[in-house]
Amino acid sequence: MSTQPEDSRWLGPSLLEPAAEHSDTPNEFERLWRGFMTARVTIGLVLLLLHGGSVLLDQPHRYAPLLISGIYFAAALTVRLLTTPQQLSHVMDAHWLRTVGIDVLAFATLQMLQDSQLNYAPLLALPALMAAMLGPMVMALGTAAGITLLLFGYAGWLSVQTPWDSSVHFLQAALTGAGCFAISVLASQIAARLSSLKQSAQRNQLAAAVQRQVNALVIESLAEGVLVVDRHGLVRSANPAARLLLDTRNPGLDEAINLTRRSGWQALLDLVQQSFSQHGARRAEIVVNHAGQGPRQLLVRTQLTDALKSDTHGLCVVFLQDQRELQARVRTEKLASLGRMSAAIAHEIRNPLAAITQANALLAEDLHLAQQQHLTQMVQQNAQRLEKIDTAAQHLLQIINDILDLSKIEAGMMHFEQAPFSLDASLRH
């Protein structure tokens, strides 16, 4: 079985298949189907009026074309009003018969009943085009082949009636059939190409929507504040961290707030305006003041976006970071480094000290002179001093670990589940 993509096969998909439609916009296939059905009704009405006028002009031989036109108009109108849009299948079923098949039969019959004044062969392009646009290419080629066979059959019948002028009829049938085949192939290729482009556009739109959702989730979860500000100081977007940094009393800061209306944010507004005026990124430490609260020192970085159009301006993306948080991180890193050094010192002291203490004890058992005993006592005393240093290093390491745990608790990185207790009962004890 071939694994070639459907949009690149010779017998590829039809234009805008209904099964591939997932958007809320009007179904393109349904719109195309209704357009063809409306065209069929219009052609049927024109034929009915044309042959009806001929009958009124005392042309009795026009009754048969009038009857065919009336039947075709009624059938086309019924399909347009009562039938739901449906794609043509790979076989000539009932749906093909009431849409494409009746057109082929009606136009071919009118062509056979024609006189020297009218030629209905151009109308046969409609069923060939409709089969190519509403169904697979195999159906379009089958319809074109059926039209060609009917025309050659009619040309053969005429050759029997008038054998001296048969070449003209065969030539006309050949040209009309070739035109139907050309229309079928070209329309099917165009339909397959448009279907492929539409499916590719839908995949790109889906990927872009997923990427927007991912970006929004990442920005929302950032610990660093992010603002999107225009050149007029209007905040277009702000993540929760930015709202918390700019107004701790109101975490639900309105995204449409204007920086020019907050006197305590003048330093932030000046930095944004400098970025726009100098057309470049800026970085500075500023102080933001909140009413009724102390100043907050922030590290601010700005970055300009490109304008989407020549007559518009870009936006300024502002990154905010609390200096207190940076300082707390520096202190935490220093404590962590001190803890690692204390652990290394304790490890390096503990192992040699144990060996020295054990060797000194074994040596003291074999020495009997007072001077030698005094030397072993000195070694033992200094080993005990080193042991006290090791113990102090272990205590320091424990203190550092407790401080680091406390820092994590304050930062919200660690949580403890504590059973509730009565504060009054605890105070009594």
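In this predicted model, strands β1 and β2 form a hairpin with five residues between the strands. Within the hairpin, Gly233 takes a positive phi near 85 degrees. Strand β1 covers residues 225-229, and strand β2 covers residues 235-238. The two run antiparallel and are joined by three bridges. One of the pairs links Val229 to its bridge partner in β2, Val235.

The hairpin belongs to an open sheet of five strands. The strand order is β2-β1-β5-β4-β3, and the pairing is antiparallel. Strands β2 and β3 (282-288) stand at the edges. Each has a single partner strand, so one side of each is left without a neighbour in the sheet. From one strand to the next, the twist averages 25 degrees.

Further along the order, strand β4 (residues 296-304) pairs with strand β5 (residues 316-322). Seven bridges hold this antiparallel pair. Here Val300 of the pair stands opposite Leu320 in β5. A helix also packs against the sheet. Helix α8, residues 266-278, lies across β1, β3, β4 and β5. Its direction makes an angle of about 160 degrees with β3.

The helices α5 and α6 provide another contact. Their axes come within 9 Å and cross at roughly 175 degrees. Angles over 145 degrees count as roughly antiparallel. Helices α5 and α6 are therefore roughly antiparallel to each other. The residues of their contact divide into 16 nonpolar and 10 polar, with no charged residues.

Nonpolar residues also gather in cores. In soluble globular proteins, nonpolar side chains tend to be buried together. The largest nonpolar core in the model has 34 residues. Those with the most contacts inside this core are Phe36, Leu88, Val100, Phe107, Leu134 and Ile147. Six helices give two or more residues to the core: α1 (28-56), α2 (63-82), α3 (94-112), α4 (125-134), α5 (137-161) and α6 (166-221). Helix α4 supplies the largest share, seven residues.

Phe36 illustrates the contacts at residue level. Leaving aside residues up to four places away in sequence, Phe36 touches Leu126, Leu129, Met130, Met133 and Leu134. Apart from the largest core lies another core, of 22 residues. Its members include Ala238, Ile257, Leu298 and Cys316.

Note on methods. Residues numbered from 1 in each chain as written. Predicted model: local features only at pLDDT ≥ 70, side-chain atom pairs only at ≥ 80, totals over all residues. Heavy atoms only, no water. Core = buried A, V, L, I, M, F, W, Y, C linked by side-chain atoms within 4.5 Å. Buried < 20%, exposed > 50% of the residue type's maximum accessible area, 1.4 Å probe, protein only. Helix = DSSP H or I, 4+ residues; strand = E, 2+ residues; numbered from the N terminus. Contact = heavy atoms within 4.5 Å. Axes fitted to C-alpha atoms, helices over the stretch in contact; angles between N-to-C directions. Parallel < 35°, antiparallel > 145°, perpendicular 65-115°, else oblique. Nonpolar A, V, L, I, M, F, W, Y, C, P; charged D, E, K, R; others polar. Pairing = 2+ DSSP bridges.
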